[in-house]
Amino acid sequence: MIKKEMEKSSKEMVEEIKTDFRASADLGIKRCMQCGLCTSNCPAARHSDYDPREIVKKVLDNNWEILDSPDLWNCFYCYTCQCNCPVNNSPCQINQILRQKILLKNENKHRMCEFSSYGYSYLDFGVGAMPKSFFDGMVKDYGKKYLDLKVNLEDIRQDLDLDDYNLKGKSLKEVQDILQESGFKKRLKTFKEQ
Ligand code: SF4
Ligand code: SF4
């Protein structure tokens, strides 16, 4: 079997990703064979210039310029790429690690602002809710069916004998304590102040 060793310089970025605490222990980044299956199934790639295969390639090439790419922010973490990758790689996880590197450098914080209402929803209700700013887009994409669902959600849940999905009481307090102690709440505030 022919084995191609990675250049020494190309190891640095791969190792940083592999050893990040957000990375799965079996993340198959070194096994990526650039088959493109992730890109062919990625909804963000379908609607923008974002390309998960290309992101992985840049990491393998130790190309730190990837951190300057505005396309990096188009992934919305649906994990389709990870589910389809034949070598258990995850462009989704890689993207999360790269974005955190950018945010920790205090750059591009404004990109998180429109998502911050997800965070406030966790604080208020213990569950994530879609930001209001995305609502018009959903109605445009899915039409009346989506609008009807949103307007009648409470009644539909009652008909299905389902409880309110918002957390309450002790459960809600536990989530809020975790968000406070982990620094999540404080960080959310810094995004709001951008
Ligand atoms: S990450 Fe997986 S699916 Fe994407 S190009 Fe590499 S091997 Fe293929
Ligand atoms: S998680 Fe991101 S990269 Fe993966 S398929 Fe979804 S949008 Fe694309």
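**Entry 1: salt bridges**

I began with K173, which forms a salt bridge with D177, and I read 2.9 Å between their closest N and O atoms. A reminder to myself: this is a predicted model. Both residues sit in helix α12, four residues apart, so about one helical turn separates K173 from D177. I then looked up how open the two partners are. K173 has a relative accessible area of 45% and is partly exposed. D177 is partly exposed as well, with a value of 35%.

Next I checked which residues are joined through shared partners. Salt bridges link D51, R53, E54 and K58 into one network. Within that group I picked out K58 and E54, whose closest N and O atoms are 3.7 Å apart in a salt bridge. They lie four residues apart in helix α4 (residues 52-60), so here too the separation is about one helical turn. For K58 I noted a relative accessible area of 26%, which makes K58 partly exposed. For E54 the figure is 28%, again partly exposed.

I also wanted a pair with a buried partner, and D20 with R22 gave me one. Their side chains meet in a salt bridge at 3.1 Å, N to O. D20 has 15% relative accessibility; the limit for buried is under 20%, so D20 counts as buried. R22, at 29%, counts as partly exposed.

How many salt bridges does the count come to? I got 12 salt bridges. As a general note, side chains of opposite charge can pair when their charged atoms come close.

**Entry 2: aromatic rings**

My search for aromatic pairs returned one. The pair is F135 with Y146: the ring centres are 6.0 Å apart and the planes stand at 50 degrees, so I logged the pair as tilted. The angle falls between the limits of 30 degrees for stacked and 60 for edge-to-face, which is why neither of those labels applies.

Where do the two rings sit? F135 belongs to helix α9 (residues 135-142) and Y146 to helix α10 (residues 144-151), so the pair ties together parts 11 residues apart in sequence. Are these rings buried or exposed? F135 is partly exposed at 27% relative accessibility, whereas Y146 is buried at 12%.

**Entry 3: around ligand 2**

I turned to ligand 2 and found 13 residues surrounding it. The closest are C42, C75, C78, Y79 and C81. Which helices each supply at least two residues of this shell? I wrote down α3 (43-47) and α5 (80-84). Sorting the shell by class, I got 12 nonpolar residues, one polar and no charged ones.

**Entry 4: the largest pocket**

Last, I looked at open space. In general, rolling a probe the size of a water molecule over the atoms shows where empty space is left. The largest pocket here has a volume of about 1400 Å³. I listed 36 lining residues, and those closest to the pocket centre are C75, F76, F115, Y118 and F134. I had already met C75, one of the closest residues to ligand 2.

Several helices each supply at least two residues of the lining, including α3, α6 (91-104), α8 (116-125) and α9. I had noted α3 for the shell around ligand 2 too, and α12, the helix of K173 and D177, also contributes to the lining. By class, the lining divides into 20 nonpolar, 10 polar and six charged residues.

Terms used
Residues numbered from 1 in each chain as written. Chains lettered and ligands numbered in written order. Predicted model: local features only at pLDDT ≥ 70, side-chain atom pairs only at ≥ 80, totals over all residues. Heavy atoms only, no water. Phe/Tyr/Trp six-rings, centres within 6.5 Å; stacked < 30°, edge-to-face > 60°. Buried < 20%, exposed > 50% of the residue type's maximum accessible area, 1.4 Å probe, protein only. Near = heavy atom within 4 Å. Nonpolar A, V, L, I, M, F, W, Y, C, P; charged D, E, K, R; others polar. 1 Å grid on protein atoms, 1.4 Å probe; cavity = no way out; pocket = protein on both sides within 12 Å on 5 of 7 lines; lining within 4 Å. Points joined across faces, edges and corners; volume = space filled by probe spheres on them. Salt bridge = Lys/Arg side-chain N within 4 Å of Asp/Glu carboxyl O.
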